[in-house]
Each structure stands twice: as C-alpha cells, then as structure tokens.
Amino acid sequence: MALALVGQFALQFVAAYRRRFIVQTEEKVESLYLGISPQRLWMTSLVAAAVGALLIGVITNFLPLLMVVGAVGGFLVPRFYLNNLEQQRRKKFDAQLLDAIPMLAGAMKAGMSLLQAMEQVTKEMGPPIRQEFAHALQENRVGKPIIQALLDMKNRIRSDDLSITVNEIGRAHV
C-alpha cells in the first residue's frame, strides 16, 4: 500500500514537473529557432537520464546512489546545452548589433524610415540579428506597433546593448 502511494506521488510529481518544463522551455526553444518542440526536448532529457544512469551504473558496478546522480546529470545535459546555445546566440547578436546600429543610423540619415532601415539590416546581415529583425518586422506587418515589437525582441534576447538601443529608439520614435 505504501509503495503504491509513493508511486502515485512520484507520477504526479513527474507530470507536474513535465508541464513546468515544457512551459519554461517553450519560449527559449522558439527564440533560438531550433525547430524542436519542448515535448521532444523533454523526451531527449528522459533518454539522456537513462543513458546517464546506465553509464554510471556500468562504471560503478550499478551502485544505486551513483546511478541516481548519473540520471540527474544526464537529465540536465539537454537543458545545459540549450542554455549554452542561448548564450552563444546572445554574444553573436551583440557583436552584430555593433554593426547594425551604424547601418540603421546611416539609412535613417539617408531618408529611410525605421522600418526600411530595419529591412535593410535583414537583407545585409546574417542570423541571429536577421532573424530577430525579420521577426519584429513581421509582427509589425500584422498590426503590432514597431516599438512594441522591438520591446518584445529586447525581452527575448535579454541583451544589455539591445536594451539600451531599443530604449533610445523608443525615445526618438515617440
């Protein structure tokens, strides 16, 4: 009876954690343009946990405590990988932003609107800045004000440089 209760509690815990995991990773996966669903990442984490437990089990002659450590470590590997990808993308975006700002300023001095200048950036620069500017322009095309689209980009990227840039564009655009 007690084992059944523990099993039921464990299943409820895993189901609740799965829901939270999917919600937390959905935005991150979308912002990285990975083309993988959070559900697939969940399954990858479970497989990695099993592999981690098995690998540690083989190495340690199947000591249960160390197998649990291996399972937890294996489960966390995909999430660490996702965080690493996000950091790399942010660094690349920040480096590209240093080139995009003068490009935007020059285009606007030449008489282009902010939207036209952003379109120019999407044509002349590569990912990730191209993806993010194109995303903001697409949001604007479907009715979102460009300043709001830029604020959303700032929230997705979480870059200090982009934050300053968007805040200044917002001040100048109002």
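Okay, let's start with helix H6, residues 146-157: it has 12 residues and reaches 16 Å from its first C-alpha to its last, close to the 16 Å expected at 1.5 Å a residue. Before I go on, keep in mind that this is a predicted model.

So what does H6 do with its side chains? The buried residues there are Ile146, Ala149, Leu150, Asp152, Met153, Lys154, Arg156 and Ile157. You'll notice charged names in that list, and I'll come back to one of them, Arg156. As for partners, the buried residues of H6 pack against helices H1 (2-31), H3 (64-109), H4 (114-124), H5 (129-141) and H7 (160-173). Right after H6 comes arginine 158, with a positive phi near 55 degrees.

Now back to Arg156. Which side chain does arginine 156 meet in a salt bridge? That's glutamate 132, at 2.7 Å, N to O. Arginine 156 sits in H6 and glutamate 132 in H5, so this pair ties together parts that are 24 residues apart in sequence. Both arginine 156 and glutamate 132 are buried.

Glutamate 132 has another salt bridge, to arginine 89, at 3.0 Å, N to O. Here the link runs from H5, where glutamate 132 is, to arginine 89 in H3, and the two are 43 residues apart. Arginine 89 is buried, just as glutamate 132 is.

And there's a serine in on this too. Serine 31 belongs to helix H1, and leaving out residues up to four places away in sequence, serine 31 touches Arg89, Glu132 and Arg156. Is serine 31 buried or exposed? Its relative accessibility is 9%, and the cut-off for buried is under 20%, so serine 31 counts as buried. If you're looking at the structure, put those four side chains on screen together: the serine from H1, the arginine from H3 and the glutamate from H5, and the arginine from H6.

Let's stay with salt bridges for a moment. How many are there by the rule used here? The count comes to nine. One of them joins glutamate 86 and lysine 28, with the closest N and O atoms 3.5 Å apart. Glutamate 86 is in H3 and lysine 28 in H1, so that pair ties together parts 58 residues apart in sequence. Glutamate 86 is buried, with a relative accessible area of 10%.

Next, the aromatics. A search of the whole structure turns up seven aromatic pairs. Take phenylalanine 13 and tyrosine 17: they're stacked, 6.4 Å centre to centre, with 20 degrees between the planes. Both lie in helix H1, four residues apart, about one turn of the helix. Quick reminder on helices: an α-helix has 3.6 residues a turn, so residues three or four places apart point the same way.

Phenylalanine 13 is partly exposed, at 48% relative accessibility. Tyrosine 17 also pairs with tryptophan 42: the ring centres are 6.1 Å apart and the planes sit at 45 degrees, so that pair is tilted. With tyrosine 17 in H1 and tryptophan 42 in H2, the pair ties together parts that are 25 residues apart in sequence. Tryptophan 42 is buried, with a relative accessible area of 5%. Put it together and you get one aromatic cluster, made of Phe13, Tyr17, Phe21, Trp42 and Phe75.

Phe13 turns up somewhere else, too. Together with Phe9 and Val14, Phe13 forms a nonpolar patch on the surface, with about 330 Å² of accessible area in total. Valine 14 is in helix H1 and counts as partly exposed, at 41% relative accessibility.

Last stop, the loops. In the loop between H1 and H2 (38-59) you'll find tyrosine 33, which has a positive phi of about 55 degrees although it's not a glycine. Tyrosine 33 is partly exposed, at 34% relative accessibility. In the loop between H2 and H3 there's asparagine 61, again a residue other than glycine with a positive phi, near 60 degrees. Buried or exposed, that asparagine 61? Exposed, at 67% relative accessibility.

And which peptide bond is cis? The one from proline 127 to proline 128, with omega near 10 degrees. Proline 128 is in the loop between H4 and H5. That's my tour, thanks.

Technical notes. Residues numbered from 1 in each chain as written. Predicted model: local features only at pLDDT ≥ 70, side-chain atom pairs only at ≥ 80, totals over all residues. Heavy atoms only, no water. Expected span 1.5 Å × (residues − 1). Buried < 20%, exposed > 50% of the residue type's maximum accessible area, 1.4 Å probe, protein only. Contact = heavy atoms within 4.5 Å. Patch = residues over 30% accessible without salt bridge, like charges linked within 9 Å, V, L, I, M, F, W, Y side chains within 5 Å. Areas by Shrake-Rupley, 256 points an atom, 1.4 Å probe, with all protein chains shown as cover. Salt bridge = Lys/Arg side-chain N within 4 Å of Asp/Glu carboxyl O. Phe/Tyr/Trp six-rings, centres within 6.5 Å; stacked < 30°, edge-to-face > 60°.
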